[in-house]
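User: I would like to learn how to read a structure like this one. Please take me through it one feature at a time.

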Amino acid sequence: MPEPINEHRKPRISVVVVQPTPFCNINCNYCYLPDRTNKATMSRDILRTLFERVFASGWAGEQLTVIWHAGEPLVMPVSYYEEAFSLIESLRPPDLQLRHSVQTNGMLLSKAWCELFKKWQVGVGVSIDGPRRFNDAHRVARNGRSTFDKAIAGIRLLRSEEVPFHVISVLTDQSLDAPDEMLEFYRAEGIENVCFNVEESEGDHVSELFASHAPQERFRRFLAHFWREARRDDRIHMIREIDGIIPRVFRPGDGELDNIQVVPFAMLNVDCRGNVSSFSPELLGLKNAAYDDYIVGNVLTHSLEEMQASAAMQAMTRDIHAGVARCRASCEYFSVCGGGAPINKLSENGSFDSGRTGFCALTQMVPTDIILEAFDQLQRHADAQSVQQVLQDLTRRSESVRLEMRV
Ligand code: SF4
């Protein structure tokens with residue numbers, strides 16, 4: 001049984017999500033970001049103050065991941081990141097391992113970006129929703145045109161320049177019944193690492209998939225089939241929804257549960273004006289008077305300790321932890337999930353202080369059931385030693401994937 005969250009222990013920052021600009025160069029029709037036409041950018045002063053505060057606080061763990069997430073982070077020039085990475089490196093305590101990562105739509109990738117990624121060993125995620133017909137149903141430019149050609153050109157460039165990357169595909173009502181077509185697309189494009197986000201209701205966006213017939217059963221069929229077919233050869237190295245959950249399902253009983261979305265400051269999310277939020281990164285930019293729009297302070301005017309004591313942080317922590325307590329008391333998947341994603345509880349149930357969501361059913365319950373089903377079958381058909389061996393191999397492989405992804 002995982003330990004209850006201790007609200008009084010020292011915060012431990014694992015991830016800093018930096019929004020260098022809220023602007024995005026495309027206009028996906030499932031996007032929840034309210035500010036994506038705003039071209040404001042984060043100044044060097046804000047960036048410096050942010051990392052001075054993080055490093056001086058002593059709250060950063062031994063490994064810190066900095067995720068550059070906007071908007072579209074590559075609308076900022078390469079030189080912005082060269083300068084930002086150098087600045088952060090100059091401030092970084094020597095015993096702290098820091099890794100940068102970007103999540104991009106791939107439209108602006110160029111050789112110069114590839115050079116930057118290689119030089120700084122940046123983790124790269126590219127958003128593309130599979131083959132053209134699925135991608136262009138939702139991921140469109142501001143003029144409504146296709147984004148597919150540019151995104152796939154970016155992916156091919158990453159491959160030819162030997163930049164490691166993973167792909168995130170949003171599964172929508174259209175693609176959810178087509179696992180073979182999705183798999184064929186990844187194989188044809190040499191995409192080895194895949195993550196699926198099922199289209200969710202977040203902010204003002206209401207998922208048409210969630211309103212559709214039996215999304216949970218459809219996703220179960222999709223994922224089980226995709227995993228089974230993908231295992232027929234080794235061209236797909238990682239499926240996040242499987243490889244990310246395996247270590248949680250089979251972790252030792254006393255292992256620490258790691259749900260950074262419910263721990264104050266485990267994720268520090270910062271917008272281009274220096275405003276700070278925590279918990280789910282999607283909260284940054286949303287409005288809610290009861291929680292001061294989810295903003296706990298600003299790096300230019302508040303210390304992290306002041307942010308910790310803010311009314312918004314206290315209120316969010318109280319309500320998120322009440323929601324986690326509900327999950328702990330009522331959900332048999334709690335030891336795998338750790339209480340879910342606050343943004344989805346808020347969007348779907350109207351409150352942090354709530355339990356099950358459609359999102360958790362898809363992202364936690366379905367993968368867990370598929371993995372346990374596969375394990376049951378293995379136990380029925382193999383001897384105990386082989387089962388142990390498979391389990392060890394799977395968890396070792398999944399753990400290395402998890403460390404590589406770090407989120
Ligand atoms: S699966 Fe859903 S209900 Fe269960 S612990 Fe996670 S968020 Fe709570």
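Analyst: Start with pairing: two strands pair if DSSP finds at least two bridges between them. This is a predicted model. In it, ten strands form an open sheet in the order β7-β6-β5-β4-β3-β2-β1-β8-β9-β10, and the pairing is mixed. The edge strands are β7 and β10 (297–298), each of which pairs on one side only.

User: What holds the strands of a sheet together in general?

Analyst: Strands of a sheet pair through backbone hydrogen bonds, either parallel or antiparallel. Here, β1 and strand β2 (residues 60–68) pair in the parallel sense over five bridges. In that pairing Val18 stands opposite Trp68 in β2. β1 also pairs with β8 in the parallel sense, over four bridges, and Val16 stands opposite Leu268 in β8.

User: Is β1 largely enclosed or exposed?

Analyst: Count its buried residues. A residue is buried if 20 or more other C-beta atoms lie within 10 Å of its own. Five of the six residues of β1 are buried, so β1 is largely enclosed by the rest of the structure.

User: How do I read the pairings towards the β7 end?

Analyst: Go strand by strand. Four bridges join strand β4 (residues 123–127) to β5, and the two run parallel; the bridge partner of Ser127 in β5 is Ile168. Strand β5 (residues 165–171) is joined to strand β6 (residues 193–198) by five bridges, again in parallel, with Phe196 in β6 as the bridge partner of Ser169. β6 then pairs in the parallel sense with strand β7 (residues 238–239) over two bridges, where Val194 stands opposite Ile239 in β7.

User: Which elements make β-α-β units with β1 and with β5?

Analyst: In such a unit, the path runs from one strand over a helix to another strand, and its turn has a hand. β1, α1 and β2 make a right-handed unit. β5, helix α6 (residues 179–188) and β6 make a right-handed unit as well.

User: How do I decide whether a residue in a loop is exposed?

Analyst: Use the C-beta count again: 12 or fewer neighbours within 10 Å makes a residue exposed, and a count between the two limits makes it partly exposed. Gly190 is in the loop between α6 and β6, and with 12 C-beta neighbours inside 10 Å it counts as exposed. Asn38 is found in the loop between β1 (13–18) and α1 (44–57); with 15 C-beta neighbours inside 10 Å, Asn38 counts as partly exposed.

User: Why does Phe222 count as buried?

Analyst: Phe222 lies in helix α7 (residues 215–230). It has 22 C-beta neighbours inside 10 Å, so it counts as buried.

User: Which residues have a positive phi without being glycine?

Analyst: Glu162 and Phe265 are examples. Phi of Glu162 is near 55°, and phi of Phe265 is near 70°. Glu162 is in the loop between α5 (148–160) and β5, and it is exposed, with 8 other C-beta atoms within 10 Å. Phe265 lies in the loop between α9 (246–249) and β8 (267–270), but it is buried, with 25 other C-beta atoms within 10 Å.

User: How can I check the length of a helix?

Analyst: Compare the expected span with the distance between the end C-alpha atoms. At 1.5 Å a residue, the 24 residues of α14 should span 34 Å, and its end C-alpha atoms are 34 Å apart, which agrees.

User: Where does α14 bend?

Analyst: α14 bends by about 30° at Met365, and a proline, Pro367, follows within four residues. The buried residues of α14 include Gln364, Val366 and Pro367.

User: Which residues surround the ligand?

Analyst: The residues around it are Cys327, Cys331, Tyr333, Phe334, Cys337, Gly339, Gly340, Gly355, Arg356, Cys360, Gln364 and Met365. By class, this shell has seven nonpolar, four polar and one charged residues. α12 (334–337) and α14 (358–381) each supply at least two residues of the shell. The largest share, three residues, comes from α14. Met365, where α14 bends, is one of the residues around the ligand.

Notes:
Residues numbered from 1 in each chain as written. Predicted model: local features only at pLDDT ≥ 70, side-chain atom pairs only at ≥ 80, totals over all residues. Near = placed C-beta within 6 Å. Nonpolar A, V, L, I, M, F, W, Y, C, P; charged D, E, K, R; others polar. Expected span 1.5 Å × (residues − 1). Bend = angle between axes of the 7 residues up to and from the residue.
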